[in-house]
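Here are a few exercises to help you find your way around a new structure. Keep the sequence and the 3D view open, and try each task before you read on.

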Amino acid sequence: MTRYGMVIDLHKCVGCGACQIACKKENNVDTGMFWSHHLIEESGVFPHVRHEYTPTMCNHCADAECVRVCPTSAMHKDENGLTLHDASRCIGCKSCMMACPYSAVNFNRKDVPRSWDDDEAIIPGCTSTAKEQQGKTGLTVPYYNKDRAATYPGVREVGTVEKCTMCDHRVKVGLAPYCAEVCPAQARVFGDLDDPQSQASQLLARYESHVLKPEVGTHPAVHYVRGF
Amino acid sequence: GPTLRAFAETTTKEEPKAEEGGTWVSSACQGCTSWCAVQVYVEDGRVVKVKGNPNSKANRGFICPRPHLAIQQLYDPDRLKGPMKRTNPKKGRDEDPGFVPISWDEATEAIADKLMELRATGETHKFMFLKGRSTNNSDVFFKALPQIYGSRNCFAHSTICAEAEKLGAGVTEGYWDYRDYDVANTRYFIMWGTDPIASNRQIANISNHFGDMTDNATVAVVDPRLSVTAAKGDEWLPVIPGQDGALASAIAHVILVEGRWNKDFVGDFSDGENRFVAGSKVDEGLFAENRTNGLVKWWNVELFDKTPEWAEPLCGIPAEQIYRVARGFASAAPNATSWMSPGVAMQVRGAYMAMATNALNGLVGSVENVGGPNRAPSVPAGKLPDIRPYQDEIALAGVKQPYFDQRGTFDFPAVAKGKLHDQVITNRIADCLNEGEPYDIKMVISYWNNWVYSCTGAQRWEEALAKLPFFVHITLNPAEMSQFADIVLPARHQMFERWGSVTNKQDLHSYTALEQPVVEPLWDTLTDETEISWLIAEKLADKGFPNVLDYYRECFHDPETDAAPQSGKDLSLFATKIMTKPLWDPASDKKGGDELAGWDDFVEKGIWNSKKQGYREHWDDFGTKTGKYEFYSETLKGILEEHAAGFGKTVDELMKELNYQARGEAAFVPHYEEAYREGDESEYPFVFSEHRSRLNREGRTANTSWYQEFKDVDPGDEPWDDVLKINPVDCEKLGIETGDAVRVTSVQGSIVVHAKAWEGTRPGVVVKCYGQGHWAYGKIATKDYAAKVPRGGNNNEIIPSNFERISSSTTRHGGLARVKIEKVEEA
Amino acid sequence: MDYSSLWDVRILLDLFLGGVGIGIFLFLAFGVWGKGEERLPILKAGSIASLVLVGLGALCLVSELGRPFGIMSTVTGFNATSITSWGGMLQMAFLLIDAALCVMLFALKDNVQGSVAFKIVGAVGVGLASLVLVYHGLVLNSVGRGLWADALITPLFMASSLLAGGAAAIAIDRFTGSILPAGTARFLAAASIAVAVLMLAFGFTVAPAGADAVYCYNIMMQQSGMVWWLCALGVGAIAPLALSVIALAKPSVWNTSLVVATAVCAVAGSFALKFVLTSTAQIFIG
Ligand SMILES: Nc1nc2c(c(=O)[nH]1)N[C@H]1C(S)=C(S)[C@@H](COP(=O)(O)OP(=O)(O)OC[C@H]3O[C@@H](n4cnc5c(=O)[nH]c(N)nc54)[C@H](O)[C@@H]3O)O[C@H]1N2
Ligand SMILES: Nc1nc2c(c(=O)[nH]1)N[C@H]1C(S)=C(S)[C@@H](COP(=O)(O)OP(=O)(O)OC[C@H]3O[C@@H](n4cnc5c(=O)[nH]c(N)nc54)[C@H](O)[C@@H]3O)O[C@H]1N2
Ligand code: SF4
Ligand code: SF4
Ligand code: SF4
Ligand code: SF4
Ligand code: SF4
Ligand SMILES: [Mo]
């Protein structure tokens, strides 16, 4: 069996945010939504202060709460252990968002205008607008990534949810998830956790690891080794 | 670089694979001074993504988060679509410029008219040319145009950047430049305000090394605030801003008293007995120095009584921690690096701090050594064709006029690369304009800079530009500086839309990376350094002054085909080829660097890498005055004496004028001086310290949503906001809570931002990131563009303009500004 | 409610209206006295009321969906582990049964109540109603996050629905002309006590539900403590209890005004309770 997962080496991670920014880029994620985000924890009193940065994403839980509660089976587990979302089935009930202990699911709200639809120039006639760029390129945003649409709508419909797919569109063609690809510290290692030879499994074998909120019993496929 | 690891399922589907619909094109990133080689993924003529150029031996295929932001810069809806001109003759922050679109023809016509006017009146020197960031093509525009035209007043942003840092290395190790670092072999780092996984000069490269660096070495970070490097490092030394000199002296003191200096490099007492005993001076004759100059002088003038116990109250670092760091650092010698940054150098008394922190490398013999700070191989470069034949009488008269920035006055020795009166005094230009001295500037062209925002004492620039009769700004977005312009010209984005090249060093390799127009621009924009200059040259020719155009036509032939340029577009390409010719021309000597098959090969690879820097190459002659590593800097002494003598004064008088405390021999050795602050402590009780954002592409990214959404990558900061970070103890005293709006006021001015209670700074010192507070630029950067309401506040509106005067550097660090903090109603 | 509550007021309306509707239905099945034709008016009024209330609630729920017209995927994609899936089916089934009962009551004149069909459909209705009653609480509880993880959420919702629905049914009954037996007041007293006890107990079960629950509870108390204690407990449970005790002590005062007052209190209290629990307690979720 294949069980895709990611191991994030917090010791290597420099907390730069590249993975999360790039994730938005790769997956055409609009302002206000995050497929990959972070936790920041600060503790202690000057001068003994700790600042810890933990990049987060959908944990592709083995016992996924989002999947359990989804009334349409739109949220489902695939054969490789990924938690995927069939956008066409989704009715936008947000149960999955409610249930996910990691706030990994985003809703395309109707009351929030999409940033890329903006139609007002700051200096009329002299500066452009987002709408004008759409007109020129015929795309949602000029930097729209078409590849995303191979396995999931390139941009998700208003009224439905969306979340990290472990870049299934890349993984299935042999590319690493984009966040792992762009990480300057190479702190994110993707792989088959059931394959003891994978770099990810080897990291897990070498270091003690932990998952986020183990007490909720979701059995994440995203593991963290070492400390920030 | 990050090689793509394969996880492909055995799939035979014939659909296009991810990242196969487009092509990767090489270019270079100038998001910061690292200038990493990148590759851009282009699909249907659009930029879709970026990655590190795997051909690079410098950034080694890695990039930091900021090139991703560059894509949002490129496709920023608030970019200019074409040239525009002002219709409201009144200038000022509160005036609406009334910009209307115009054609390139109309724009360059107006510019050429104005230029010709000054030629007619023999006032060509009253034309001033300013630039911020630039490429290796810079001189084609920035030097050739004004000098053929008749003005030497072309001023770059160098001294608002980091020149004091170069001075520190120049006068000790004879290297007037930024150092490179051998991080893989370093076992101890002292990072003086250096935050190399977030800023400084090789962020992507160091971010990749950093996990191993902290595994293999001790990382001690001296920074007033908890930077991310401090957070991840082994030791944080939260120094009181501007008091690093005390700390550095104490570290040196411990190293000497405990006999931990590097005997091979520095030498030893002839009889081997260590006479460096706290409190007592030493007979110079007893010490036989090897590759250094003046160790005992340094000891006798400065170090002999600079114990950690002495330093503790001054710098705020416990003596015990000073001992620990000094011992750790010396024990790791020579694989130990004291890494100096603008944090300690760009201060009013920064020259000696830069010297002191740098000199620690001399003490432990790590300079140019394994695991120490290193130089970089030189990169063969093309030369700007001779402009002299194109200068006419008027031009020659013009370029003989005194520099407008008044370099070389008694209070501004303006030292560059060891030469007196050779440095631009960038931030003084505003004062010169305001005073109308030494003459009245009538016209300014300015590109790739935004000094109304990026210079301390920013209000002075607003005043100065409001008075300027004719101002042209070349920019991507309508920035703060553009608001004062008569004509605004839209530039192409450096990374995606133009030709150019950049030369730098990282990871012990020098390199030149190519910038290419990887996509056609969406809007009617042109390349600043070549296409715009061509259009202006054409217009000047139309109006009877063909020299600039002739120069371009005759001197910028395609080095491959010898074709003469017919357009700005040609000039762009040919100039880039000329400036990089020795790198791609198979006939030239590559000095052990990459062999390239020709221009096309260069275009494809995108980079030329030098051979790896060798160790100890300058140990026999550092290029200082003595040829030695100078603790007692004969080099600096020569400079200061020469400058003082030119005015018939003594060095002591000069020191006083330059706002230094040193008198006598202290002026020539690294030493502690008390931090210089502006504002009376009773009225302004807090010391203001600042740092840059790891998402800043200098002052150019605040208008991207990703910058705002991820602003909390800067420790203590908040998304979509600009916060003043205050120790909770101070918050309590002030009755302020996180989220409260506060007015921060210095002698310079005030800004209103949100308060943030934060343990990452000491009581008494408040910290704020630089990068927000734009009142122009676009919809995201501002809270309200039309109403000019900034998102947060610009640090430069509270940091007064002041200088490290030997190097002319503008001082943003060291806690220059004292501030008061008042709770206010939300703006 | 601007801490970006994911589920807006329409979810609350579903849980509230549906709860009252189900409460009425169940009260009719068990708590209605009299025989034969005597019962007919209240049965008619009650079944219509429950149909309308539960139906309106369901409409609110569907309209709150991001993609209401995709609702059929709840059928095609039925997910056995999803309480929402079950809830959707149950509500739909209940509405059908309730509608059938209405048709029987209104269309079939002769001794409907005696017919086997009516009894069977009624029994199925009771079964479905009970499940929907449970569902209203369980749907929050199944999300398992924040305050909704609290074990008492479901019983609290059930008790609140029964009290409000019962009180409403009694008022309707009063308007259809019945003379109310003492049992009604006893029911109201008991249901009020149940709600009050559960509300008081709620605070003690928060801690075992986890740190998030405690955090939410504290915020909820800060922001809506008044609504919780005054409206939900005071008006919603203590007032009906007091009124029903008065009615029990002095049956002569158990008049229309008192009955209506009790119903208004109980219904308002149920709304307040569910409002606080569905909206305020949503923080930390999503
Ligand atoms: N308080 C404070 N002030 C600082 C600093 C700090 O850390 N703190 N840092 C200082 C340092 S080190 C430096 S180097 C300076 C930099 O200061 P500047 O040289 O003024 O550079 P930027 O602020 O980046 O502004 C560049 C401007 O060029 C335009 N522009 C943007 N992209 C392009 C492009 O691709 N091409 C062209 N032609 N134009 C473009 C925009 O108008 C933009 O505002 O700031 C200094 N100012
Ligand atoms: N992310 C990012 N990186 C950049 C740039 C950018 O815009 N963004 N710009 C590039 C440019 S133009 C330049 S010149 C370089 C600048 O090089 P950097 O090394 O980035 O210099 P700064 O950011 O000016 O200052 C560094 C640190 O000095 C600290 N500091 C302030 N006062 C003191 C003091 O008194 N003592 C000590 N020890 N530390 C102090 C600040 O907290 C800050 O962490 O960075 C380059 N790198
Ligand atoms: S993290 Fe959340 S969304 Fe992702 S699988 Fe787990 S429960 Fe589902
Ligand atoms: S919002 Fe969509 S994916 Fe989430 S639970 Fe509802 S139907 Fe399933
Ligand atoms: S795997 Fe892909 S979708 Fe998931 S966080 Fe990384 S980049 Fe985003
Ligand atoms: S890109 Fe890598 S180093 Fe940066 S935050 Fe993400 S995991 Fe950490
Ligand atoms: S370190 Fe600087 S030059 Fe390199 S990729 Fe980042 S922003 Fe660009
Ligand atoms: Mo700089």
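**Exercise 1.** In what order do the three strands of the open sheet in chain B lie, and is the pairing parallel or antiparallel?

Solution. A quick note before you start: this is a predicted model.
- Step 1: Trace the sheet in chain B, and you get the order S1-S2-S3, with antiparallel pairing.
- Step 2: Look at the edges. Strand S1 (23-28) and strand S3 (46-52) of chain B each have a single partner strand, so one side of each is left without a neighbour in the sheet.
- Step 3: Check the twist. On average, neighbouring strands in this sheet are turned by 35° against each other, direction ignored.
- Step 4: Zoom in on one pair. S1(B) and strand S2 (residues 37-43) of chain B run antiparallel and are joined by six bridges. On S1's side you can pick out B:Thr23, which stands opposite B:Val42 in S2(B).

**Exercise 2.** Work out how chain A meets chain B, starting from the area and ending with the residues.

Solution.
- Step 1: Interface size is often given as the accessible area lost when the parts come together. For chain A and chain B, the buried area is about 6,500 Å², with carbon and sulfur atoms giving 58% of that.
- Step 2: Find the big contributors. A:Ile21, A:Phe46 and A:Ile122 supply 12% of the area that chain A buries against chain B, more than any other three residues.
- Step 3: Count who takes part: 76 residues from chain A and 79 residues from chain B.
- Step 4: Turn to the charges. There are seven salt bridges across this interface. One of them links A:Glu132 to B:Lys81, with the closest N and O atoms 2.7 Å apart.
- Step 5: Ask which elements of chain A are involved. Among them are helix H1 (18-27), strand S2 (36-45) and helix H4 (130-137) of chain A. H1(A) gives the most, with seven residues.
- Step 6: Sort chain A's side by type, and you have 37 nonpolar, 23 polar and 16 charged residues.

**Exercise 3.** Now do the same for chain A and chain C.

Solution.
- Step 1: These two chains bury about 2,200 Å² between them, 47% of it on carbon and sulfur atoms.
- Step 2: In chain A, the residues losing the most area to chain C are A:Arg68, A:Ile91 and A:Met98, together 31% of what that side buries.
- Step 3: Chain A brings 31 residues to the contact and chain C brings 28 residues.
- Step 4: Two salt bridges cross this interface. C:Arg67 forms one with A:Glu157, the closest N and O atoms being 3.0 Å apart.

Technical notes:
Residues are numbered from 1 along each chain as its sequence is written. Chains are lettered from A and ligands numbered from 1 in the order in which they are written. This is a predicted model: local features need pLDDT of at least 70, side-chain atom pairs count only at pLDDT 80 or more; totals for chains, interfaces and linings use all residues. Side-chain values use heavy atoms; hydrogens and water are left out. Two strands pair if DSSP finds at least two bridges between them. Helices (H or I, at least four residues) and strands (E, at least two) are DSSP runs, numbered from the N terminus. Axes are lines fitted to C-alpha atoms, for helices over the stretch in contact, and angles run from 0 to 180 degrees between N-to-C directions. Contact means heavy atoms within 4.5 Å. Buried area is the accessible area (1.4 Å probe) that two parts lose on being put together, summed over both. A salt bridge is a side-chain nitrogen of Lys or Arg within 4 Å of a carboxyl oxygen of Asp or Glu. Ala, Val, Leu, Ile, Met, Phe, Trp, Tyr, Cys and Pro count as nonpolar, Asp, Glu, Lys and Arg as charged, and the others, Gly among them, as polar.
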